[in-house]
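Work through the exercises below with the structure open beside you. Try each task before reading its solution.

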Amino acid sequence: MKQKQMIKHHLTDKILMAYSAGQLSEAFNLIVATHISMCDECRAAMSSFDALGGALLENECLNGEPAPDLQATMALIKAETPPDRTPPPVRSTETPFPLVAYVGDNLDDVKWKPVGMGVKQSILQTSAEATARLLYIPAGVAVPDHGHHGTELTLVLRGAYSDETDHFKRGDVEIAGEDLHHTPIADAHSDCICLAVTDAPLKFSGVLPRILQPLLRI
Ligand code: ZN
Ligand code: ZN
């Protein structure tokens, strides 16, 4: 029997399209690929965008004419089989396969650096336009409240957390923009590990986090 998908918070079409078109930085590519590997819904949407991109390209190449309108193309590709995306290998570990090259096979083997208040991080090696990190938030602990200069995507890998907007469990991705100010708090019963990607520094309200910020590259 197919396992029921419990993922509630997904990527936007805009992000999926940008990924499909190859417009994202390495860090954002990584978090999108990781969510897609965990989420049937976004994987299906991605297949459509891939097919759409392919159909537009093909049309342009064959006819040398401007691309047809979006609806006609969508209708066309709905009738076709989406291109083959290599299906994710079946894995029994909790590390989704796109992440393995960056963090290794086992989240328990990650080399953490303390950030304060028991929160730990591990910055991943990606190109410099955006930053990807694993965050370890002990059960019941809050990440200092902050706003965002750019976009922050947070994907839960273990445990769960809540903020002012909702509750986020494994596979859920939170999209935080400049209009959101939040205080993520790990659930009381288990530690939380997230993959967090940012394209600009966060805006901390507290003085101490602000002083430590350059040091921690948050
Ligand atoms: Zn999804
Ligand atoms: Zn945030």
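The exercises that follow concern a predicted model.

**Exercise 1. Find which atoms coordinate the zinc ion (ligand 1), and decide whether the arrangement is tetrahedral or irregular.**

Step 1. List the donors. They are H10 (ND1), H35 (NE2), C39 (SG) and C42 (SG), at 2.1 to 2.3 Å.

Step 2. Look at the angles. The four donor atoms subtend 95 to 126° around the zinc ion (ligand 1).

Step 3. Apply the cut-off. Four donors count as tetrahedral if all angles lie between 85 and 135 degrees. The angles of 95 to 126° therefore make this arrangement tetrahedral.

Step 4. Read the spacing along the chain. The donors follow H-x24-H-x3-C-x2-C. Of these donors, H35 and C39 are both buried.

**Exercise 2. Do the same for the zinc ion (ligand 2): which residues are its protein donors, and what angles do the donor atoms make?**

Step 1. Name the donors. H146 (NE2), H148 (NE2), E152 (OE) and H182 (NE2) lie 2.0 to 2.1 Å from the zinc ion (ligand 2).

Step 2. Check the angles. They run from 90 to 143° among the four donor atoms, and the site is irregular.

Step 3. Place the donors in sequence. Their spacing is H-x1-H-x3-E-x29-H.

Step 4. Test for burial. Buried means under 20% relative accessible area. H146 has 2%, so H146 is buried. E152 has 6% and therefore also counts as buried.

**Exercise 3. Locate the residues with the most contacts inside the largest nonpolar core, and say which helix gives the most to this core.**

Step 1. Start with the core itself. It has 35 residues. Those with the most contacts inside it are L11, L16, V32, L124, L134, L157 and L195.

Step 2. Trace the contributors. Elements that each supply at least two residues include helix 1 (13-20), helix 3 (40-63), strand 3 (131-137) and strand 10 (192-198).

Step 3. Pick out the top contributor. Helix 2 gives the most, with eight residues.

**Exercise 4. Explain how E94, D108 and R158 are joined into one network.**

Step 1. Recall the principle. Side chains of opposite charge can pair when their charged atoms come close.

Step 2. Take one pair. E94 forms a salt bridge with R158, and their closest N and O atoms are 2.4 Å apart. E94 lies in the loop between helix 4 (70-78) and helix 5, while R158 is in strand 5, so the pair ties together parts 64 residues apart in sequence.

Step 3. Take the other pair. The side chains of R158 and D108 meet in a salt bridge of 3.1 Å, N to O. D108 sits in the loop between helix 5 and strand 1, 50 residues from R158.

Step 4. Combine them. The salt bridges share partners, and E94, D108 and R158 form one network.

Step 5. Compare with R43 and D40. Their side chains also meet in a salt bridge, at 2.4 Å, N to O. These two are three residues apart in helix 3, so about one helical turn separates them. The whole structure has four salt bridges.

**Exercise 5. Where is M117 found, and is M117 buried or exposed?**

Step 1. Find the place. M117 is in the loop between strand 1 (113-116) and strand 2 (119-123).

Step 2. Check the backbone. Most residues other than glycine have a negative phi. Phi of M117 is near 60°, a positive value.

Step 3. Judge the exposure. Exposed means over 50% relative accessible area. M117 has 69%, so M117 is exposed.

Definitions and conventions: Residues are numbered from 1 along each chain as its sequence is written. Chains are lettered from A and ligands numbered from 1 in the order in which they are written. This is a predicted model: local features need pLDDT of at least 70, side-chain atom pairs count only at pLDDT 80 or more; totals for chains, interfaces and linings use all residues. Side-chain values use heavy atoms; hydrogens and water are left out. Donors are N, O and S atoms within 2.8 Å of the metal (3.2 Å for Na, K and Ca); water is not among the atoms, so sites may look incomplete. Four donors count as tetrahedral if all angles lie between 85 and 135 degrees; four count as square planar and six as octahedral if opposite donors are over 155 degrees apart and all others between 65 and 115; anything else is irregular. Buried means under 20% relative accessible area, exposed over 50%, partly exposed in between (1.4 Å probe, protein chains only). A nonpolar core is a set of buried Ala, Val, Leu, Ile, Met, Phe, Trp, Tyr and Cys residues joined through side-chain atoms within 4.5 Å. Helices (H or I, at least four residues) and strands (E, at least two) are DSSP runs, numbered from the N terminus.
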